[in-house]
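Colleague: I am new to this structure. Please pick a single part and take me through it closely, with whatever surroundings I need to place it.

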Amino acid sequence: MSASSPAPEPAGPEETAGPVPLVLATPRPAGGRGRPPRHLADLPLAERRAVVAGLGQPPFRASQLSRHFFGRYTDRPEEMSDLPLAARDPLTQALLPRLLTPERELACDGGTTRKTLWRTFDGALVESVLMRYPDRVTMCVSSQAGCGMACPFCATGQPG
């Protein structure tokens, strides 16, 4: 600091030295992180059936929706051809809400390494790196501020 610079404001008790916090473009809900919306994966079959019945659909539609999500790995209504067209959107909106949205994706090594920045349902950012090697696949998910691994390719790990 030069002699002509003003003295910094005193640090509060919770302030520590370290990286500058990330400012999100979309603010989080008041009170911090919110609870995720109801999701099919969090409900036992009986509760899934109750939600589906509450939407005016026969309860067996919960099993159909579950087969798509858990068996065919899809949450896209247009791929659920065994559900009536009019029921697809209401069912997926009620039980398959979007919890993660990709914000930015980078690929290198001919696409064998993919880095993705995700925005969670409440506005938090999470970073993942998928590394495909000839003999294994490694997935790194940074779900907190900072990481002790300090991988050289990962911005989250650099501050420690």
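Modeller: What follows is a close look at the helical part, with a shorter look at the strands after it.

First, some ground rules. This is a predicted model, in which local features need pLDDT of at least 70, side-chain atom pairs count only at pLDDT 80 or more, and totals for chains, interfaces and linings use all residues. Numbering starts from 1 along each chain as its sequence is written, and side-chain values use heavy atoms, with hydrogens and water left out.

Now the layout. The chain has three helices and four strands. Helices (H or I, at least four residues) and strands (E, at least two) are DSSP runs, numbered from the N terminus. From that end, the order is α-α-α-β-β-β-β. The chain holds 160 residues, and 28% of them are buried. Buried means under 20% relative accessible area, exposed means over 50%, and partly exposed lies in between (1.4 Å probe, protein chains only).

Start with the core. A nonpolar core is a set of buried Ala, Val, Leu, Ile, Met, Phe, Trp, Tyr and Cys residues joined through side-chain atoms within 4.5 Å. The largest one here has twelve residues, including Leu-40, Val-52, Leu-65, Leu-83 and Leu-91. Two or more of its residues come from each of α1 (45–54), α2 and α3. Helix α3 gives the most, with three residues. In soluble globular proteins, nonpolar side chains tend to be buried together.

Leu-91 lies in helix α3. Its relative accessible area is 0%, so Leu-91 is buried. Contact means heavy atoms within 4.5 Å. Beyond its neighbours within four places in sequence, Leu-91 is in contact with Val-52, Leu-55, Gln-57, Arg-61, Leu-65, Leu-83 and Leu-96. Take Leu-55 from that list. Leu-91 and Leu-55 are 36 residues apart in sequence, and their C-alpha atoms are 7.7 Å apart. Leu-95 belongs to the core too. With neighbours within four places again set aside, Leu-95 is in contact with residues including Arg-38, Leu-43, Val-51 and Leu-65.

Next, helix α2, residues 61–71. Its buried residues are Arg-61, Ala-62, Ser-63, Gln-64, Leu-65, Ser-66 and His-68. Their cover includes α1 and α3. Look at Gln-64. Its relative accessibility is 9%, so Gln-64 counts as buried. A polar atom of the Gln-64 side chain lies 3.2 Å from the backbone oxygen of Asp-82. Residues up to four places away aside, Gln-64 touches Asp-82 and Leu-83. After α2 comes Tyr-73, with a positive phi near 55°.

Back to α3, residues 85–95, where Arg-88 lies. Arg-88 is buried yet has no salt bridge. A salt bridge is a side-chain nitrogen of Lys or Arg within 4 Å of a carboxyl oxygen of Asp or Glu. The nearest side chain of opposite charge to Arg-88 belongs to Asp-82, 6.8 Å away. For charge, Lys and Arg count as positive and Asp and Glu as negative, while His and the chain ends are not counted. Arg-88 does have a backbone oxygen at hand: that of Leu-83 lies 3.0 Å from a polar atom of the Arg-88 side chain. Outside its four-place neighbourhood in sequence, Arg-88 is in contact with Pro-77, Glu-78, Met-80, Ser-81 and Leu-83.

Glu-78 leads on to the salt bridges. There are seven by this rule. Glu-78 pairs with Arg-76 at 2.6 Å, N to O. Arg-76 is partly exposed, with a relative accessible area of 42%. Another bridge joins Lys-115 to Glu-127, with closest N and O atoms 3.6 Å apart. Lys-115 is in strand β2 and Glu-127 in strand β3 (residues 125–132), so this pair ties together parts twelve residues apart in sequence. Glu-127 counts as buried at 12% relative accessibility.

That brings us to the strands. Strand β1 (residues 100–108) and strand β2 (residues 113–120) pair in the antiparallel sense over eight bridges. Two strands pair if DSSP finds at least two bridges between them. Thr-101 has Arg-119 in β2 as its bridge partner. The two strands form a hairpin with four residues between them, and Asp-109 in the turn has a positive phi of about 55°. Gly-111 sits in the loop between β1 and β2. Gly-111 counts as partly exposed, at 24% relative accessibility.

Methods
Polar contact = N/O pair within 3.5 Å; in protein donor to acceptor, adjacent residues only side chain to side chain.
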